[in-house]
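Notebook open, coffee poured. I'm going to look at how the helices and strands of this one sit together, and then at what lies around the ligand.

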Amino acid sequence: MRFKDKVVIITGGNSGIGKAAAILFAQEGAKLMIADLAPDMAADLTTSISSPIAYVQVDVSKLSDVEKMIEYTISHFGGIDILVNSAGVLGPRVRTEKYAEEDFDKIIDVNVKGLWYCMKVALRYFAEQRRGNIVNIASVAGHLGMVGHIAYAASKHAVVGMTKTAAIEFAKHGIRINAVCPGFTQTPMLEGAEADQAYLEALQYATPMKRFGKPEEIASAILYLAADDSSFITGQSLIVDGGLILQ
Ligand SMILES: NC(=O)c1ccc[n+]([C@@H]2O[C@H](COP(=O)([O-])OP(=O)(O)OC[C@H]3O[C@@H](n4cnc5c(N)ncnc54)[C@H](O)[C@@H]3O)[C@@H](O)[C@H]2O)c1
């Protein structure tokens, strides 16, 4: 029970990697605040988790929503121990010269500004209590180019850079901030964006393990970075990708 009575906020917690992390945190005793765009919590979360769990509708790209998310969590659970930033969007697969400005802006607003807003507001609170832990979900696209995804690659390189910067700023306060960089992972993001079966097969073939990651495999890396098991690690980007980045 590494997280007994710890309060964990998970943005993007209604789906995919965020949802898998919620289930693992709950199994280890955490109290969960799921924060996502939809009006209500995903039905399977309410049925599969028996520990304390609450939901807040939030658009992370709006600072006022993020402030409400933090205030609501403190009033509901009495504090916050861990923030997992999993909310993110992929955008269309279009080559750079044809990429639409509104798509570019949307991805930067959610993946970069939204994640920064969540860190900004949580860190005010963490700095006061001199304790806290943040795990940001970046991507292998935070280390590699990704054909057809100029804005996504820019946004995930930004997440890696923001993670390093905030980690240095807050290390002396006992607050650790790390990132997990998943490779191709079987979630609605991957399934929805790439309906083209041949493309999906090529992505699996490109991965040395010849398969997609499971959301639980990414979630267990998130829990490692959020736990005391990693107590001397900060500012790192842990790549969990079946060997994709090695080639
Ligand atoms: N699936 C992959 O292959 C993969 C690979 C690398 C990185 N990632 C990253 O992992 C994270 C989780 O992705 P996933 O695969 O679980 O996708 P997903 O689509 O299953 O889940 C993303 C969740 O984020 C929420 N969300 C989107 N925009 C939001 C906003 N503005 N405010 C609040 N919530 C918002 C969605 O509603 C959704 O519930 C993302 O940051 C993604 O970029 C995914």
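Which residues in α3 meet which residues in α4? I looked this up before anything else, keeping in mind that the model is predicted. From α3 I noted Leu63, Val66, Glu67 and Ile70, and they meet Tyr117, Cys118, Val121, Ala122 and Tyr125 in α4. Sorted by class, that contact has eight nonpolar residues, no polar ones and one charged. I then checked the geometry: the axes of α3 (residues 63-77) and α4 come within 9 Å and cross at roughly 40°. The crossing of α3 past α4 is right-handed.

**Entry: α4 and its other partner**

I stayed with α4 and turned to α5 (residues 150-170). Their axes are 9 Å apart, and the packing angle is about 15°. The cut-off for roughly parallel is under 35 degrees, so I wrote down α4 and α5 as roughly parallel to each other. Here too I found a right-handed crossing, with α4 passing α5. The α4 side of the contact includes Phe104, Ile107, Trp116 and Leu123, and the α5 side includes Tyr152, Val159, Met162 and Phe170. By class I got 16 nonpolar, two polar and two charged residues for this contact.

**Entry: the sheet**

In what order do the strands of the open sheet run? I traced seven strands as β3-β2-β1-β4-β5-β6-β7, with parallel pairing. At the edges I found β3 (53-57) and β7 (237-240), each of which pairs on one side only. From one strand to the next, the twist averages 20°.

I zoomed in on one pair. Strands β5 (residues 132-137) and β6 (residues 175-182) run parallel and are joined by six bridges. Val135 stands opposite Asn178 in β6.

**Entry: helices across the sheet**

Next I asked myself which strands α1 lies across. My list reads β1 (7-11), β2 (31-36), β3, β4 (82-85), β5 and β6, and α1 runs at about 165° to β1. For α8 the list is β4, β5, β6 and β7, with the helix running at about 165° to β6.

**Entry: α1 against α8**

How do α1 and α8 (residues 215-226) meet each other? Their axes come within 8 Å and cross at roughly 60°. That angle falls outside the ranges for roughly parallel, antiparallel and perpendicular, so α1 and α8 are oblique to each other. I noted a right-handed crossing of α1 past α8. On the α1 side, Gly16, Ile17, Ala20, Ala21, Leu24 and Phe25 make the contact. On the α8 side I listed Pro215, Glu216, Ile218, Ala219, Ser220, Ile222 and Leu223. Those residues divide into ten nonpolar, two polar and one charged.

**Entry: around the ligand**

Which residues come nearest to the ligand? Of the 28 residues around it, I picked out Gly12, Gly16, Gly88, Thr187 and Met189 as the nearest. The elements that give two or more residues to this shell are α1 (16-27), α4 (101-129) and α6 (188-193). Gly16 was already in my notes, since it is one of the α1 residues in the contact with α8. By class, the shell has 13 nonpolar, 13 polar and two charged residues.

Notes: Residues numbered from 1 in each chain as written. Predicted model: local features only at pLDDT ≥ 70, side-chain atom pairs only at ≥ 80, totals over all residues. Near = placed C-beta within 6 Å. Helix = DSSP H or I, 4+ residues; strand = E, 2+ residues; numbered from the N terminus. Nonpolar A, V, L, I, M, F, W, Y, C, P; charged D, E, K, R; others polar. Axes fitted to C-alpha atoms, helices over the stretch in contact; angles between N-to-C directions. Parallel < 35°, antiparallel > 145°, perpendicular 65-115°, else oblique. Left-handed = near helix turned anticlockwise from the far one by under 90°. Contact = placed C-beta atoms within 7 Å. Pairing = 2+ DSSP bridges.
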